[in-house]
Amino acid sequence: MIVRISGEGQFELDDDVAERLNALDNDAVAAVEAGDEPRFTDLFGQILALIRSVGSPLADDDLRGSDVIVPPSDTTFEEARVEFTGDGLIPG
Amino acid sequence: MAGLSGRFSTVVKAKISKLLDRAEDPAETLEYSYQKQMELLQNVKKGLADVVTAKKRLQLQSQKLEQQVVKLDTQARQALAAGNEPLARTALERKSAVQTELQGLDPQIAELEGQQQSMIDNQAKLQAKIEAFRSKKEVIKAQYSAAEAQVRISEAATGVGEEMADVGLAMQRALDKTENMRARAGAVDELEKAGAFEDLTQLGGGEDDIDRQLKELSSGTQVDGELEKMKAELAAGGSKPAGELSSGGEGGDAGAGA
């Protein structure tokens, strides 16, 4: 699985990490919806740390597209609130 | 492998796709208009120049504010030593306002620094992908039938297209932030224009509009505390008669500090 951290680059991850990422991702959205900034910051940090630690950076001349794109690492809680509450752009 | 179902990532992915749509079919864009990629690279370079300019301006202001803090602190000491407590208070209030601005500038300068670096990295990555695509395209054309080559080139174009879109997104963010910082830099200019940087000793004890505004900006308790501390320091070092420091005493009170 290839994951891009927006503004930073692409990482190749083992597929079995997806479950963990998915769980963190859902928790992060829940934290945003609950207005819980510290929890959001913590979870988002965990998502980024997980990708960077278990993923290996894709070579710059690798032309594969990403399966997943996570928001930029400097995403603020305010931005997250605007982008990720309700059903977001994609319902579900 | 399916993507995450979580909305957190899909939102960003949707955004990138939207950018890709706007950039027309990426395969076509890359196959036929190398021009477009060059345009984007040019934009990145321009954006980078904007970030650098904004950073330099903030750095200059930061230096100016730091000098101002030192100057106001000295003036407060001089005023207090001369027995002019209201003037000392005004100086400290101004110092507090200037310090608040300064504290706002420092993290912004650091942020611009980081932004500059990541834009340089982004630009290098995009350039590498464009180059890789160009050579890969030729290899594919030579190795596959026309129909098959079309599919494979399209696939390769996705990677470049995604990178282009992401660089575009990152640049937009960087420019938005630079815009905010311009506003902050403008606020410091306003402060200066309003007379906050004027020499206090020229003003006498009178209170004007700026003083009142600054008083609201700065926290009274902080100023009170600092005033008390300064008084104590003066008393501790206090063999000097009051009034002596009001003129030509630069550096003369160094021994009274800490």
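**Exercises on strand pairing and helix packing**

S2(A) and S3(A) form an antiparallel pair over two bridges, where pairing requires at least two DSSP bridges between two strands. Strands (E, at least two residues) and helices (H or I, at least four) are DSSP runs numbered from the N terminus. The model is predicted, and its local features need pLDDT of at least 70, with side-chain atom pairs counted only at pLDDT 80 or more. Residues are numbered from 1 along each chain as its sequence is written.

**Exercise 1.** Determine which residues are the bridge partners of Phe11(A).

*Solution.* Step 1: strand S1 (residues 2-5) of chain A runs antiparallel to strand S2 (residues 9-12) of chain A, joined by four bridges. Step 2: Phe11(A) in S2(A) is the bridge partner of Val3(A). Step 3: in S3(A), Pro57(A) is the bridge partner of Phe11(A).

**Exercise 2.** Establish how H1(A) and H2(A) are oriented to each other.

*Solution.* Step 1: the axes, lines fitted to C-alpha atoms over the stretch in contact, with angles from 0 to 180 degrees between N-to-C directions, come within 8 Å and cross at roughly 160 degrees for helix H1 (residues 17-33) and helix H2 (residues 37-54) of chain A. Step 2: angles over 145 degrees count as roughly antiparallel; H1(A) and H2(A) are therefore roughly antiparallel. Step 3: the contact (heavy atoms within 4.5 Å) involves residues including Leu21(A), Leu24(A) and Ala28(A) of H1(A) and Phe40(A), Leu43(A) and Ile47(A) of H2(A).

Conventions. Chains are lettered from A and ligands numbered from 1 in the order in which they are written. Side-chain values use heavy atoms; hydrogens and water are left out. Angles under 35 degrees count as roughly parallel, over 145 as roughly antiparallel, 65 to 115 as roughly perpendicular and the rest as oblique.
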